[in-house]
Structures are given as C-alpha cells and as structure tokens.
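Reader: Before I set up any calculation, I would like to go through the unusual backbone geometry and its surroundings with you. Could we take it point by point?

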Amino acid sequence: MKVYPLLFELGTPKPTTRDLASQIKERGAVEGLPDAAHKADGASYQEVTCRSALNPVKGMPFKWTLNPYRGCTHGCHYCFARRYQTQLELNAGDDFASVIFVKTNFVQVLRRELDKPSWAKENIGFGTATDPYQPIEGTYKISRGVLEALRDAATPVGIVTKGPMIVRDTDILQDLSKRTTCRVHISIPTVDEDAWEKLEPGVAHPMQRLRAVRALVDAGIDCGVLMAPIVPGFSTQPAKIERTIKAIAESGARSVGAMVMHLEGGTRDHFMAMLNREYPEMVEKYEKLYASKYVAKDYDKRVQEVVSLMRARYGIATRKKASEGGLTVPRS
C-alpha cells in the first residue's frame, strides 16, 4: 500500500494529538487535518507524534495499555472505543472509521520507557482501544515494532485483535512467548455472516479469523477467542451462539470468553442512530434493554447460560479462561 508523503516530512515537526484536537475544534474534522494522507480505502491518515506510549489503567487485569493507532477502519458499529474520538473533537460515528491517527514515533518512545530501571515488567494490554492489526499496519508495521520491543524487554502482554494480519508476526510472538507470558485473543463475536456484514463492515470474514487462530495455535502460541461483544437481536440467538462456539472449538482455540455488548457515550449515540436508520423496529426494545450502559441483568444471565452450556458441549469449558493471567477486555 503506497503512503503519500505528508507535508510534515518536509521539515516541519509532526503534531501531537493534542495539537490536532485544537485544529479540529477550529476548522472541523478533515478540514482541521490539512496534512492527512487520503487513501483509496476512503480513510484519511494523519501522522502524529506521542510523548508517551505506555498508558496506565486501573480496574483491569493489566496495569498498562498500548495503542499505536487512534481510530479504526474496521468500523464496527458496536466498538466501545468510538467514545474516545470525542476527546479529539471528532464524532463517534463516521470519523472513528475514516480519520486515523498514526503515532509514528511510538516504538522509539516505548523502547525508551521499557529501558528505564524503574520499569517493573508489569502486564500490558495491547489493542484495547483500537485494533493494532487494522489494515494500515501493513504499511507502517508499528505493531510489529511494539512486539519486538516487548520481546527485548521480556514484558508480558495480552493482545486483542480482529486482524488476521497478526499471523505475519508469528516469529516474534514465538520468541516473546519463550521469554515471558504472551497471549493472543482474536475477537470473533459470531460466525453468522448476516450479523458480520451488518455490524463489522471493515473486518475480515469470521472464518478467516478462525484460520488465524488455528495458525497461531499450531505455531505454539497461546491463542484464544473473545466472543465480544454478543449483540442483542443480531447474534444472541442460541443457534448462532452454538455455531460460533463449535467453530471456535474446531479452530483449536485455547480459551473462549464472551460478553454482551455495552452501550455508553459516543458508542451508544452511534449505535442507536444506526438502529434508527436501518432497523427502526428494534429501537424501542433496545431502549428498554439498555436503560443503562449495561444490558438488563436477566437478559445477560440468559445469554451467559447458553454460552456456558455450549462451552461444555464442545469441550472448551475445561480450558483455561482468557482472563487467567492474561487479558479480559471489553472489546465492544
């Protein structure tokens, strides 16, 4: 994929995301990014610099997160990370999937942070806000550089992605796994093609993702699947859940986790707007089901009961959970 030269490469320093937030507030989304490269996939890619790579978090089974990209061309309608775009004066709808920030100095900054004597090699979540293996990674290879840095620093990591491109980095994942804990979690909410087409417009086919699971497992990498999120009315039907878990079991996945969709902030606004536009008959049910950001408790319980039954039926119930020493991420 060709990368068009940006004006910043002519000697002007690249801006930070904070700089761009001010520009966007003044001029509007794309108009506030005059140096972005506009690609054939319809997205605009803006190169930026970052002051830090490691982002501290609380209340999760990991202490830090890494996100070398901001925004994601996978464009999943349910993605919880949509709400983060509003921090950059961008909307949580089309801008999330069409305006992508690329942190070009991310690997260098990360290496500097990992080299500090104070670094305690604490668990890291990689890909918790935007997918590290969305298509533009094929051009920039920042995620590959991140894995190399983590390998060299023997730092434990849990990776979440929908991108089969991760198999490209099998060699580094193998090396990393020899030095520390490395777990990959590929997000496959459902194998139902209708739900996939409606909810994940820019994501590889579910079966392609399952082939990636098989390839990683066969290479000796600890790889599981996250059915996250299961979306009411689209992928909650017991038959769809059974087909998905059966396919996951056949892929050899080491674990399977499941979560019903959460709706809050910009994600809620975007998802409900999509329902109003394309599935108006579902709006009233959703408003009752999501009185808060979480689905109604009795509904969640019924879905989880079906998941547990199918995990037991297909022999995944006895395998270790994705959260054991690894990663439990609300990739919704």
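Author: At 43% relative accessibility, K121 counts as partly exposed, in a model that is predicted.

Reader: Where does K121 lie, and what is its phi near?

Author: K121 belongs to the loop between α3 (106–114) and β7 (124–126). Most residues other than glycine have a negative phi. K121, although not a glycine, has a positive phi, with a value near 55 degrees.

Reader: Is A154 buried or exposed, given its relative accessible area?

Author: A154 sits in the loop between α5 (142–152) and β8 (157–161), and its phi is also positive, near 50 degrees. Its relative accessible area is 16%, and since buried means under 20%, A154 is therefore classed as buried.

Reader: Which peptide bond is cis, and in which strand is P229 found?

Author: Most peptide bonds are trans. The bond from A228 to P229, by contrast, has omega near 0 degrees and is cis. As for the strand, P229 is found in residues 222–230, which form β10.

Reader: Which backbone nitrogen lies 2.9 Å from a polar atom of the side chain of S235?

Author: S235 is placed in the loop between β10 and α9 (238–251), and with a relative accessible area of 3% it is buried. Leaving aside neighbours within four places in sequence, S235 is in contact with T190, P229, I230, K240 and I241. The backbone nitrogen at 2.9 Å from a polar atom of the S235 side chain is that of V231.

Methods
Residues numbered from 1 in each chain as written. Predicted model: local features only at pLDDT ≥ 70, side-chain atom pairs only at ≥ 80, totals over all residues. Heavy atoms only, no water. Helix = DSSP H or I, 4+ residues; strand = E, 2+ residues; numbered from the N terminus. Buried < 20%, exposed > 50% of the residue type's maximum accessible area, 1.4 Å probe, protein only. Polar contact = N/O pair within 3.5 Å; in protein donor to acceptor, adjacent residues only side chain to side chain. Contact = heavy atoms within 4.5 Å.
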